[in-house]
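Please load the model in the viewer and keep the sequence panel beside it. The stops below move from the overall fold to individual side chains.

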Amino acid sequence: MPIFSGRIKRPKYSLALTHGAGANTVSATDTLNGILREAIIKTPVSVDGAATLTLNIIDVDSFTVYTKSAIAANTSSLNLLTNDLRVPLSGAYTIQIVFSANQTATDTTTAVVLVIES
């Protein structure tokens, strides 16, 4: 049986955080429908205070349906979800990046690609 049995969508997000006092979170909202199979994260080259990042996908009821934490700066993280860990998605979601420390000196951009089977 093939790994992907349906159509594949690859929504991409470029989440930019402009530094400022108390700034540690950036997010985007989108409608996602299908099964989350993979999350690809490319973190910024430079962050303040050796901060790590967390990717959250939050549903319309404010429940976190997927999270990947402790992602280091200047890395690419590929998170393939196996069959028992796949996440069904239907409706509006917030794709959120949270830094472990406030970004007060460095502007950052984190790239996120979601592989969704419909």
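How many helices and how many strands does the protein have? Colour the chain by secondary structure: the protein has zero helices and eight strands. Read from the N terminus, the order of elements is β-β-β-β-β-β-β-β. The radius of gyration is 15 Å, close to the 13 Å that the globule rule gives for 118 residues, so the protein is as compact as a globular protein of that length.

**Whole chain**

This is a predicted model, so colour it next by pLDDT. The average is 88, and 95% of the residues score at least 70. Confidence is lowest in strand β1 (residues 8–9), with a mean of 85, and highest in β4, at 96.

Now display the C-alpha trace alone; along its principal axes it spans about 50 × 30 × 20 Å. With the contact map shown, consider pairs at least 6 apart in sequence: 80% of these contacts join residues at least 24 apart. Switch on the surface as well. The protein exposes about 6,300 Å², of which carbon and sulfur atoms supply 53%, and 40% of its 118 residues count as buried.

**The largest nonpolar core**

In soluble globular proteins, nonpolar side chains tend to be buried together. Here the largest nonpolar core has 26 residues, and Leu 36 and Leu 114 touch the most other members. To see where the core comes from, select β2 (12–17), β3 (25–42), β4 (53–59), β5 (64–71), β7 (87–99) and β8 (108–117), the elements that give two or more residues to it. Strand β7 supplies the largest share, six residues.

Centre the view on Leu 114. Leaving aside neighbours within four places in sequence, Leu 114 is in contact with Lys 9, Arg 10, Pro 11, Tyr 13, Leu 32, Leu 36, Glu 38, Ala 39, Ile 57 and Ile 95.

**Val 87**

Select Val 87, which lies in strand β7. Is this residue buried or exposed? Val 87 has a relative accessibility of 10% and therefore counts as buried. Beyond its neighbours within four places in sequence, Val 87 is in contact with Gly 34, Ile 35, Leu 36, Val 65, Tyr 66 and Leu 81. A distance monitor from Val 87 to Ile 116, 29 residues further along the chain, gives 9.3 Å between the C-alpha atoms.

**The salt bridge**

The structure holds one salt bridge. Select Arg 37 and Glu 117 to find this pair, whose closest N and O atoms are 3.0 Å apart. Because Arg 37 lies in strand β3 and Glu 117 in strand β8, the pair ties together parts that are 80 residues apart in sequence. Both partners fall below the 20% limit for burial: Arg 37 counts as buried at 4% relative accessibility, and Glu 117 counts as buried at 6%.

**Ile 41**

For the last stop, select Ile 41 in strand β3. Its relative accessibility is 0%, so Ile 41 counts as buried. Which residues surround it in contact, once neighbours within four places in sequence are left aside? The contacts of Ile 41 are Leu 55, Ile 71, Thr 75, Ser 76, Ser 77, Asn 79, Thr 110 and Ala 111. Finally, place a distance monitor between Ile 41 and Leu 89: the two are 48 residues apart in sequence and 19 Å apart in space, C-alpha to C-alpha.

Note on methods: Residues are numbered from 1 along each chain as its sequence is written. Side-chain values use heavy atoms; hydrogens and water are left out. A nonpolar core is a set of buried Ala, Val, Leu, Ile, Met, Phe, Trp, Tyr and Cys residues joined through side-chain atoms within 4.5 Å. Buried means under 20% relative accessible area, exposed over 50%, partly exposed in between (1.4 Å probe, protein chains only). Helices (H or I, at least four residues) and strands (E, at least two) are DSSP runs, numbered from the N terminus. Contact means heavy atoms within 4.5 Å. A salt bridge is a side-chain nitrogen of Lys or Arg within 4 Å of a carboxyl oxygen of Asp or Glu. The radius of gyration is taken over C-alpha atoms; the globule rule is 2.2 Å times the number of residues to the power 0.38. Accessible areas come from the Shrake-Rupley method with a 1.4 Å probe; for residues, only the protein chains shown count as cover. pLDDT is the predictor's confidence in each residue, from 0 to 100.
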